[in-house]
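Me: Please take a close look at one part of this structure. Start small, then work outward to the rest. Tell me how far the model can be trusted along the way.

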Amino acid sequence: MRFTIFQDSRLGDRKGNEDRVGYSYSRDVLLMVIADGMGGHEQGEVAAEIAVTEITRRFQQEARNRLRRPFEFLVSSIQAAHRAIVSHAVEHNLLECPRTTCVACIVQNGRAFWAHAGDSRLYVLRQGALIAATQDHSKVQQMIDAGEITPEAAARHPDRNKIYSCLGGVVPPLIDTGRDIGLEVGDTIVLSTDGFWTQIPANILGGMVRKQSVLDLLPGLLTEAQRRAQGESDNLSVVAMTWENQDDARLPDTQALDDQQFATSTNTTAQLDSAAPAADDVTDEDIERAIAEIQSAIRKVPR
Amino acid sequence: MPQQANQPLPAGYVLNGYRIEKPLSSGGFSIVYLARDESGTPFAIKEYLPSSLALRSDGVEVSIADEANLSVFRHGLKCFFEEGRALAMISHPNVVRVENFFRANETCYMVMQYVRGRTLQFHIQRHRHEFTEPFIRRIFIHLMNGLREVHASKLLHLDIKPANIFISMEGRPVLLDFGAARITLSEEAMKLKPMYTAGFAAPEHYRFKPGELGPWSDIYSVGATIYTCIAGTPPQAGDQREEKDHMIPLRTLARQDYSDDLYQLVDDCLAVDYMKRPQTAYELQRRLMSEPGVEKRGFLETINRPLSKLFSR
């Protein structure tokens, strides 16, 4: 695979960064993930950290070659991250369970698959146009859908930060999956938290991405987004990937990686004691181990 | 997605070296196939396929009907492993033997010894007149050996019924289908509906409070199975009996003479209150052995009791 990828997470005008971003890829599969820990709740940072760590961990466990079922992987790993957050809260006797949004995207076989919970967004931009996007699980989005308010009014609405699906909540997250899209050369997938997307409209972003590489464009655009918030900027984070000409030998190719090797980059702080998988979770490794145990028991018991 | 029946693997399909001949049975959690290995030895292969979660409408690979069910599917897989693990540790002539266990087609398979014979259900339908007291006692005394072994492995069968008891050609009863065998406490597992067969499942089984289930729940099912051997039909369902007990007294349904002791034993096993049942397979086995099973005992036979006890083993 040949693609250009950029990611950054900025503090904005806040004291702490509760956003976590990450990507990881092997020869044939790419994962991008972003999580926005919720400020109103204790340790939103921890929730976002667990989400990115857990999803990345499972990705590296299951995507040794390609993912057989990308949507199932996305949904089950977001659910697993939710359970891991809840377990963390139980283990640490937290009064309130930390919460986070999450959007994750898989690219393989030239196609993109994504799933999300909350109001962190994913855009697919093609030739300057927004061809696909996640629908926020937010109160204002519901009001827009119902025709009660305009998107412009939503940006100023007092409830604009209220979301109805997240990881770590009392109820398991509502997870929406996007349709899978075949990527064309120049297509750019952008994942961002609300600190960024509230300030930079998708059409502007689309127009700019068309002219400039994400590597050149986004650092300045993050600064611009923070500036526009006029001293009240939330944390702002972006992961963006442009799908390149797969035959362009001048560009790096993920085939250069060793078999089953992953290149990974995240802003997680690794301060958690351990991002242990939730107790009732069954991973591929568990399955292999169980089968090995049964087979060994079969061999041991005299027949 | 509409609920569809799961398609079995096609005949002739080669699964990890075993050639599928035909499906033998299918239940809520699985399909069992007759298959042969390269040398032609027959096996019964059980495929984990919970119909409420997984789907195979065509081809051989299993897909999950609803993506959100993947983790539940996998959790059920864990139960399937528990069954495999427990069975792998049991080597007993009255419990079906596990020969192999592997993963394929996005699900898992358990290869079991294929027992030639017929289910107890078949015999009840065709040959109920042959179910004399000594025959019943002999079958169930042997079966209790197997069930004791199962309980000793900290496993409950939870679906004992005539269809799950095989009588081999030599007349040996073999306990089959541990598909319901599990005890799980987690909320996720509750989504996998407890499997029960009306008439054979104990009243507490319907509530599925794991704390109430125990060897006595299997004892209830054994009682219901003996009842069916004699009556030809199972007793009133456990959950209904709990509301209003209309179970027909076994004596009125019997077509031949059985001892008061056997009627009492079946009645005790079928107690709605699980505390009033024989609590273990061993206890039930002892009671099955304690009476010779002769219709009317004269004075001399009473004297011979210890001797008869030996014979009935």
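Reply:
**Close look: one strand pair**

In chain B, strands β10 and β11 (residues 173–175) pair antiparallel through three bridges. This is a predicted model, so read every contact here as a prediction.

Look at the register. B:Ile167 stands opposite B:Pro173 of β11(B). The two strands form a hairpin, with four residues between them. In that hairpin B:Gly171 adopts a positive phi near 90°.

β10(B) has another partner. Strand β9 (residues 117–119) of chain B joins β10 (residues 165–168) of chain B by three bridges. Here too the strands run antiparallel. One facing pair is B:Gly117 and B:Ser168.

Now the helix side. What does B:His142 touch, beyond residues up to four places away in sequence? Its contacts are B:Asn94, B:Arg172 and B:Pro173. B:His142 belongs to helix α3 of chain B, which covers residues 133–152. From B:His142 to B:Pro173 is 31 residues along the sequence, but 6.8 Å in space, C-alpha to C-alpha. So B:Pro173 appears twice in this picture: it faces B:Ile167 across the strands, and it touches B:His142.

Is B:His142 buried, exposed or in between? Partly exposed, because 19 other C-beta atoms lie within 10 Å, and buried status requires 20 or more.

**The rest of chain B**

Step back to the whole chain. Chain B has 11 helices and 11 strands. Its 313 residues include 42% that count as buried. Take its contacts between residues at least 6 apart in sequence: 61% of them link residues at least 24 apart.

Chain B also holds an open sheet of six strands. The order is β1-β2-β3-β4-β8-β7, with antiparallel pairing. At its edges stand β1 (14–15) and β7 (98–104) of chain B, each pairing on one side only. Inside the sheet, β3 (residues 30–36) and β4 (residues 42–48) of chain B run antiparallel and share seven bridges. B:Ala35 faces B:Phe43 of β4(B) there.

Confidence is uneven. The average pLDDT of chain B is 81, and 80% of the residues score at least 70. Two stretches need caution. Over residues 183–193 of chain B, pLDDT stays under 50, and the model gives 18 contacts beyond four places in sequence. Over residues 293–313 of chain B, pLDDT again stays under 50, with 17 such contacts.

**Chain A, for context**

Which residues touch the most other members of the largest nonpolar core? They are A:Ile78, A:Ala104 and A:Cys105, in a core of 154 residues. The core takes in chain B as well: domain 1 (17–113) and domain 2 (117–311) of chain B each supply at least three residues. Among the contacts of A:Ala104 beyond four places in sequence are A:Leu31, A:Ile55, A:Leu74, A:Ile78 and A:Trp114.

Chain A has an open sheet of five strands, in the order β1-β11-β10-β6-β7, with antiparallel pairing. Strands β1 (3–10) and β7 (129–133) of chain A stand at the edges with a single partner each, so one side of each has no neighbour in the sheet. On average, neighbouring strands of this sheet are turned by 20° against each other, direction ignored. In the interior, β6 (residues 121–126) and β10 (residues 188–192) of chain A are joined antiparallel by five bridges. A:Val124 sits opposite A:Ile189 of β10(A).

Two helices lie across the strands. Helix α6 (residues 202–211) of chain A crosses β6, β7 and β10 of chain A, at about 120° to β7(A). Helix α7 (residues 214–228) of chain A lies across β1, β10 and β11 (236–243) of chain A, at about 20° to β1(A).

Chain A has a mean pLDDT of 87, with 94% of its residues at 70 or more. Of its elements, β10(A) has the highest mean, 97, and helix α8 (residues 284–300) of chain A the lowest, 83. Residues 273–279 of chain A stay under 50, with 13 contacts beyond four places in sequence in the model. For the model as a whole, ipTM is 0.70 and pTM is 0.50.

How values were computed
Residues numbered from 1 in each chain as written. Chains lettered and ligands numbered in written order. Predicted model: local features only at pLDDT ≥ 70, side-chain atom pairs only at ≥ 80, totals over all residues. Core = buried A, V, L, I, M, F, W, Y, C linked by C-beta atoms within 7 Å. Buried ≥ 20, exposed ≤ 12 C-beta atoms within 10 Å, placed from the backbone. Domains from an automatic or database assignment. Contact = placed C-beta atoms within 7 Å. pLDDT = per-residue confidence, 0-100. Pairing = 2+ DSSP bridges. Axes fitted to C-alpha atoms, helices over the stretch in contact; angles between N-to-C directions.
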